[in-house]
Amino acid sequence: MNAVVIGTGEAGYTRHPEPGQSGHTFLRDAIMAAVKDAGLKHSDIDGLAISSFGIEPDKSIDMAWRLGMSLKWLLQDTNGGASGINMLGHAVRGVEAGAASAIVVVGGDALGGEGFAKLTANYNRAIRDHVSPLGHSGPNSLFSMLTQRQMKAFGIERQDYGQMVIAQRAWAAGNPGALYRKPLTMDEYMNAGMVCDPLCRYDCVPTAAGASAIVVSTADRCPPHHLPVRVRALKQSFNYDNQEGDGLKTGLSKVASDLWSAAGVQPEDVGLAAIYDDYPAMVLAQLNDLKLIPGNDLARFARVDIGERRFPVNTSGGLLSAGQAGAAGGMNGTVEAVRQLQHVAHGRQVPDARLAVVSGYGMVLYRYGACVGAAVLERAQ
Amino acid sequence: MKPGLPLTRCADCGAGYFPARLICPRCGNANWRRDEVHDGVVEQTTIVRHAAGQTEWKPRHIASVRTADGQLIVAGLEEPLPEATKVKLFDNDGSPIARRNA
């Protein structure tokens, strides 16, 4: 693939938006930051991909109009946590096909607690009609039972998940854009109030308001102050098992071999991972599907490789510490991986970062997520 | 609250589904007949202790139940039940409820 990422931008990642701030303004501010970082003018942008739960009744074209963009290429994505990877894939192909020359890809929301509750209760017909009336209160109940299954199947203890959460918080300390940056102790984790057994509050993403954006273009448009980031390969899977499994595998298990083969590298070549972390259990599930966990030993990988930060996972702090700003969740990892590969992740830079894997996961149909994708990104020389 | 969980069953290959589908993923056909399943086994349970956007919230008990026909469903419990409890399934206006099989 010849298209590259040449800029990133973020806005918000706050619990309490100030007067005048909204999902729309965070989306705008992230876009403007990304375009500036890419060294482009507003008028250079000829493609827009946008994902947001909260822009209704506006659509992508309404946003293009409000954002003052005249475009050749437009996409609105509805794949939640998997939207970032989906939009990245479409944008790369859009640039390579010549449909557009500079596409800004953005996700963001300012839903707030009530907005989030309303969104998750009416997520789709199956959830609205068959699950919400039970008082399931969003995806926590479903992933609490999935987490129980994973603990049983792989011999994982709560402390193992705790090590992951603590490590992500330690990474977040180096990210000025993260919502929570204060170090977390195992005592605090183990003594935190249960939200939905066995998930405690630190296992559940904090709702934030904000937006994340990237610019996809060609390498010749990349500004001199940083190197472009190439997408070596990108693979996705949608509804791979009709919700009839245990959710401990994702569709990545079906496409991981193709991903590494297309990328022309091996899992062990990758220096960092940005894995969609709606819950710690899903980070382990995706890492395992991506063949990054030796010997299926999820507990050890959580405790040692992630916990001791031997293998950098979610260096932005992930959604668990940086915050989940609705549809920005699908973009947060991509922005972070690009910054790491550009060697501009000040305060948390992984030395000599050259290759990264990024994943997105989301859209609970009934029992767990059905959309998943991953990309291998490379620092272009 | 009616006894039994409503299933849509493929009239061609016999596979049963909850929630209802439009096309059978097994055989690709769309000939459905209505059916019910009455029995199941609790596989996991959880307690929803907090809910986003709610200030007055009573903890709810929710279970993953495998029906006697093989579907994995999300069901509400009226009391905490241990794993492996055999249950009877009920339809509460679209929401599955599982009660201990007395």
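Two residues are in contact here if their C-beta atoms, placed from the backbone, lie within 7 Å. Keep that in mind, everyone, for the opening number of this talk. Among contacts in chain A between residues at least 6 apart in sequence, 79% join residues at least 24 apart.

Good morning, and thanks for coming. Please remember throughout that this is a predicted model. The predictor gives the complex an ipTM of 0.96 and a pTM of 0.97. For chain B, the mean pLDDT is 95, with 99% of its residues at 70 or more.

Let's begin with chain A as a whole. Chain A contains 13 helices and 11 strands. Its radius of gyration is 19 Å, close to the 21 Å that the globule rule gives for 381 residues, so chain A is as compact as a globular protein of that length. If you like to think in boxes, the C-alpha trace of chain A spans about 55 × 45 × 40 Å along its principal axes. And 61% of the 381 residues of chain A count as buried.

Now, how is chain A divided? Domain 1 covers 4–111 + 209–221, and domain 2 covers 114–204 + 227–379. So you can see on screen that each domain is written as two segments. The C-alpha centres of the two domains of chain A lie 22 Å apart. Where they meet, 34 residues of domain 1 of chain A are in contact with 40 residues of domain 2 of chain A. On the domain 1 side, the elements giving two or more residues are β1 (4–14), α3 (83–96), β4 (103–109) and β7 (209–217) of chain A. By class, that side of domain 1 of chain A has 15 nonpolar, 16 polar and 3 charged residues.

Let me take you into domain 2 for a moment, to a helix I enjoy looking at. How many residues of helix α10 (residues 280–289) of chain A are buried? The count is 10 of its 10 residues, so to speak a mostly covered helix. Among the buried residues of α10(A) are Met282(A), Val283(A), Leu284(A) and Leu287(A), but also Gln286(A), Asn288(A) and Asp289(A). What do the buried residues of α10(A) pack against? The partners are α6 (140–154), α7 (158–172), α9 (252–263), β9 (272–274), α11 (298–306) and β10 (355–364) of chain A. Just after α10(A) comes Lys291(A), with a positive phi near 65 degrees.

Two of those partners, β9(A) and β10(A), are worth following. β9(A) and β10(A) run parallel and are joined by 3 bridges. Within that pairing, Ala273(A) stands opposite Val357(A) in β10(A). β10(A) is itself mostly covered, with 8 of its 10 residues buried. Then β10(A) pairs with strand β11 (residues 369–379) of chain A, this time antiparallel, over 9 bridges. One bridge there puts Val358(A) across from Ala375(A) in β11(A). The link from β10(A) to β11(A) is a hairpin through 4 residues.

Back to domain 1 for a quick stop at Ser60(A). Ser60(A) sits in helix α2 (residues 60–66) of chain A. Is Ser60(A) buried, exposed or partly exposed? There are 18 other C-beta atoms within 10 Å, and a residue needs 20 or more to be buried and 12 or fewer to be exposed, so Ser60(A) is partly exposed. Leaving aside residues up to four places away in sequence, Ser60(A) touches Leu48(A), Ile50(A), Leu74(A), Leu75(A) and Gln76(A). For a sense of scale, Ser60(A) and Met194(A) are 134 residues apart in sequence, and their C-alpha atoms are 39 Å apart in space.

Finally, chain B. One of its features is an open sheet of 3 strands, in the order β3-β2-β4 (chain B), with antiparallel pairing. At the edges stand β3 (16–17) and β4 (32–37) of chain B, each with a single partner strand, so one side of each is left without a neighbour in the sheet. Strand β2 (residues 5–10) of chain B pairs with β4(B) over 6 bridges, and one of them sets Pro6(B) against Glu36(B).

And how do the chains meet? 21 residues of chain B are in contact with 30 residues of chain A. The elements of chain B that give two or more residues to this side are β5 (39–48), β6 (60–67), β7 (72–77) and β9 (95–100). β5(B) provides the largest share, 4 residues. By class, this side of chain B divides into 10 nonpolar, 9 polar and 2 charged residues.

Thanks for listening, and I'm happy to take your questions.

Technical notes
Residues numbered from 1 in each chain as written. Chains lettered and ligands numbered in written order. Predicted model: local features only at pLDDT ≥ 70, side-chain atom pairs only at ≥ 80, totals over all residues. Rg over C-alpha atoms; globule rule 2.2 N^0.38 Å. pLDDT = per-residue confidence, 0-100. Pairing = 2+ DSSP bridges. Domains from an automatic or database assignment. Nonpolar A, V, L, I, M, F, W, Y, C, P; charged D, E, K, R; others polar.
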